[in-house]
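Biologist: Please take a close look at the backbone of this model where the chain runs through its loops, and then follow the side chains and surfaces outward from there. I would like a connected account rather than a list.

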Amino acid sequence: METTNQPVSMPRIGDKAPAFKAVTTQGEINFPEQYSGSWVILFSHPADFTPVCTSEFMTFASMEDKFAQANCKLVGLSVDGLYSHIAWLRTIKEKIEYKGMKDVEVKFPLIEDITMEVAKKYGMIQPGESNTKAVRAVFVIDPKGMIRAIIYYPLSLGRNFDELYRVIIALQTADAFSVATPADWRPGDEVIVPTAGSCGVAKERMEKKQEDVKCYDWFFCTKKLDKEKVFSTILKK
Ligand code: BEZ
């Protein structure tokens with residue numbers, strides 16, 4: 001039977017994150033309900049005891065406090081079982097030293113999903129890539145349980161965790177200051193005002209020549225937003 005290219009329903013940006021209960025390395029979770037009020041990154045990896053995944057887990061776990069400061073929790077998933085997860089995370093902590101990271105403890109929950117129920121619900125099984133493993137999916141979910149960003153990587157490509165942190169900060173900046181963030185934006189760079197769809201406001205801005213606003217044309221205006229202001233608004237004290 002042909003298994004590739006079958007229509008599947010996948011959550012999209014703007015959807016409510018599909019709900020599930022699951023067993024994890026940190027006990028049972030009720031997702032996304034118990035994460036209400038926090039940002040959360042739900043991410044899948046293909047398999048325990050594999051090199052790219054190991055490098056990813058060590059990197060993500062090393063950055064967990066940084067994400068926590070931005071009110072963002074991490075939840076991992078693969079279609080391996082709980083005992084495999086526990087053994088792999090113990091091996092990482094006890095044996096692996098990589099790029100200056102050692103004794104790395106993964107404190108965030110790692111979901112066991114042997115039945116692939118959650119992976120299928122989230123479109124993490126992509127048969128063109130693998131029928132038996134989840135691809136490297138990233139779902140960014142906001143404090144109201146809405147999906148705000150989705151990123152997929154194939155099995156062979158490790159993710160860029162600085163980029164995931166940038167995504168969290170950029171989305172929170174957009175929400176807090178009612179702005180959009182341009183290409184390659186980093187905190188301290190100019191932001192775009194107003195957000196798409198309100199060109200009337202932009203036109204008025206251009207004509208009035210507001211001091212802090214720079215317009216390249218009527219549809220493209222930016223303003224300064226200090227890094228300190230971004231971080232003091234977003235990060236936990
Ligand atoms: C890895 O994490 O190294 C990996 C996992 C599945 C397929 C290929 C690579």
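Modeller: Pro194 sits in the loop between strand S8 (191-193) and helix H6 (199-208), and the peptide bond that leads into Pro194 from Val193 is cis, with omega near -25 degrees. The model is a predicted one, and the angles that follow should be read as properties of that prediction. Another cis peptide bond is found between Phe31 and Pro32, where omega is about -5 degrees. Pro32 belongs to the loop that runs from strand S2 (27-31) to strand S3 (39-44).

The loops also hold residues with unusual signs of phi. Phe49, placed in the loop between S3 and H1, has phi near 55 degrees, which is a positive value in a residue other than glycine. With a relative accessibility of 47%, Phe49 counts as partly exposed, because the value falls between the limits of 20% and 50%. Met116 likewise has a positive phi, near 65 degrees, and is not a glycine; its place is in the loop between strand S5 (110-112) and helix H4 (117-121). Because the relative accessible area of Met116 is 14% and the buried class lies under 20%, Met116 is classed as buried.

Beyond the loop that holds Phe49 comes helix H1, and Glu56 is found in that helix. What is the burial state of Glu56, buried or exposed? At a relative accessible area of 3%, which is under the 20% limit, Glu56 is therefore buried. This carboxylate side chain has a charged partner, since a salt bridge joins Glu56 to Arg159 with 2.7 Å between the closest N and O atoms. The pair connects distant parts of the chain, with Glu56 in helix H1 (residues 51-62) and Arg159 in the loop between strand S7 (147-153) and helix H5 (161-177), 103 residues apart. Arg159 is buried, as is Glu56. Arg136 joins them, and the three residues Glu56, Arg136 and Arg159 are linked in a network of salt bridges. For orientation across the fold, the C-alpha atom of Glu56 is separated by 19 Å from that of Ile125, a residue 69 positions away along the chain.

The elements that flank the loop of Arg159 are themselves joined by a side-chain contact. Arg148 and Asp175 form a salt bridge whose closest N and O atoms are 2.8 Å apart. Arg148 lies in strand S7 and Asp175 in helix H5, so this pair ties together parts that are 27 residues apart in sequence. Unlike the buried Arg159 and Glu56, Arg148 is partly exposed at 22% relative accessible area, and Asp175 is partly exposed at 43%.

Toward the start of the chain, the side chains of Arg12 and Asp15 also meet in a salt bridge, with 4.0 Å from N to O. That distance should be read with care, because the rule accepts a pair within 4 Å. Arg12 is exposed, because its relative accessibility of 58% is over the 50% limit, whereas Asp15, at 26%, is partly exposed. By this rule the count for the model comes to seven salt bridges.

Turning to open space, the second largest pocket has a volume of about 180 Å³. Its lining includes Thr25, Gln26, Ile86, Leu89, Arg90 and Lys93, and also Glu94, Val104, Glu105, Val106 and Phe108. By class, five of the lining residues are nonpolar, two are polar and four are charged.

At the surface, Tyr216, Trp218, Phe219 and Phe220 make a nonpolar patch of about 430 Å². Phe220 is placed in strand S10 (residues 220-223). With a relative accessible area of 33%, Phe220 is partly exposed, and it qualifies for a patch because that value is over the 30% cut-off.

As the frame for these details, the protein has seven helices and ten strands, and its C-alpha trace spans about 65 × 45 × 30 Å along the principal axes. Of its 237 residues, 44% are buried.

Conventions. Residues numbered from 1 in each chain as written. Predicted model: local features only at pLDDT ≥ 70, side-chain atom pairs only at ≥ 80, totals over all residues. Heavy atoms only, no water. Patch = residues over 30% accessible without salt bridge, like charges linked within 9 Å, V, L, I, M, F, W, Y side chains within 5 Å. Areas by Shrake-Rupley, 256 points an atom, 1.4 Å probe, with all protein chains shown as cover. Helix = DSSP H or I, 4+ residues; strand = E, 2+ residues; numbered from the N terminus. Buried < 20%, exposed > 50% of the residue type's maximum accessible area, 1.4 Å probe, protein only. 1 Å grid on protein atoms, 1.4 Å probe; cavity = no way out; pocket = protein on both sides within 12 Å on 5 of 7 lines; lining within 4 Å. Points joined across faces, edges and corners; volume = space filled by probe spheres on them. Nonpolar A, V, L, I, M, F, W, Y, C, P; charged D, E, K, R; others polar.
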